[in-house]
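Colleague: I have a chain open here and would like to go through it with you. Could we start with the charged pairs and then work outwards?

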Amino acid sequence: MDYKKIKATHDAVTRDLSNFDKETGNLYETVVNLSKRANQISSSLRQELVNKISEFSAQNVAGEGIDEIYENREQIEIARYYEQLPKPSLIATQELLDGTLKFRRAGGETPAESAL
């Protein structure tokens, strides 16, 4: 997923809690689901970063010492990109508010079905 396209804010924003429990019917269940989604996003971002950094370490092993300054600049740019992204919890919250985050229970039923 391209997290660059998500318009999540970097600042703390006061939110209306009634918007959070519409899908599940339970605020605490929503918070747990947001936490799990934030962990997924975090691990995905971490894996992307490790893959990009490993490209540079493979080049250094190959013996390209002269281009070390250039590679260092590229590594700094990559690090800045990941530092400027919103926190995974804010991305997950924005996904919930946009309606792109869907919930599923272990039994296969949706939260709305189990409330009936």
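**Charged pairs, core and helices**

Modeller: The count comes to one salt bridge in this chain, and please keep in mind throughout that the model is a predicted one.

Colleague: Which side chains meet in that salt bridge?

Modeller: The side chains of E95 and R37 meet there, with a distance of 2.8 Å from N to O. The pair links distant parts of the chain, since E95 belongs to helix α3 and R37 to helix α1, with their positions 58 residues apart in sequence. As general background, side chains of opposite charge can pair when their charged atoms come close.

Colleague: Are E95 and R37 buried or exposed?

Modeller: Both E95 and R37 are buried. Within α3, E95 has buried company, as the buried residues of that helix are I91, A92, T93, Q94, E95 and L96.

Colleague: OK, let's step back. How many helices and strands does the chain have?

Modeller: There are four helices and zero strands, so that read along the sequence the pattern is α-α-α-α. Of the 116 residues, 24% count as buried, and the chain exposes about 8,500 Å², of which carbon and sulfur atoms supply 51%.

Colleague: And the contacts, what share of them comes from residues far apart in sequence?

Modeller: Taking the contacts with a separation of 6 or more, 74% are between residues 24 or more positions apart.

Colleague: Now the nonpolar core. Which residues touch the most other members?

Modeller: In the largest nonpolar core, which has 16 residues, L34 and L96 touch the most other members. Helices α1 (27-61), α2 (68-84) and α3 (88-98) each supply at least two residues of this core, and α1 gives the most, with five.

Colleague: What is L34 in contact with, leaving aside its neighbours in sequence?

Modeller: Once the neighbours within four places in sequence are left aside, L34 is in contact with F20, A92, T93, L96 and L101. Among these, A92, T93 and L96 are on the list of buried residues of α3.

Colleague: I was also looking at T30. Where is it, and why does it count as buried?

Modeller: T30 is placed in helix α1, and it counts as buried because its relative accessibility is 0%, where the cut-off for buried is under 20%. Its side chain reaches the backbone oxygen of N26 at 3.0 Å. Leaving aside neighbours within four places in sequence, T30 is in contact with F20, D21, T24, L96 and F103.

Colleague: How far apart are F103 and T30?

Modeller: They are 73 residues apart in sequence and 8.6 Å apart in space, taken from C-alpha to C-alpha. F103 is found in the loop between α3 and α4 (111-114), and it counts as buried because its relative accessibility is 8%.

Colleague: Going back to the end of α3, what phi does G99 take?

Modeller: G99, which comes just after α3, takes a positive phi of about 90 degrees.

Colleague: Last topic, confidence. Which elements have the lowest and the highest mean pLDDT?

Modeller: Among the elements of the chain, α4 has the lowest mean pLDDT, at 51, and α3 has the highest, at 87. For the chain, the mean pLDDT is 77, and 75% of its residues reach 70 or more.

Key
Residues numbered from 1 in each chain as written. Predicted model: local features only at pLDDT ≥ 70, side-chain atom pairs only at ≥ 80, totals over all residues. Heavy atoms only, no water. Core = buried A, V, L, I, M, F, W, Y, C linked by side-chain atoms within 4.5 Å. Buried < 20%, exposed > 50% of the residue type's maximum accessible area, 1.4 Å probe, protein only. Contact = heavy atoms within 4.5 Å. Polar contact = N/O pair within 3.5 Å; in protein donor to acceptor, adjacent residues only side chain to side chain. pLDDT = per-residue confidence, 0-100. Areas by Shrake-Rupley, 256 points an atom, 1.4 Å probe, with all protein chains shown as cover. Salt bridge = Lys/Arg side-chain N within 4 Å of Asp/Glu carboxyl O.
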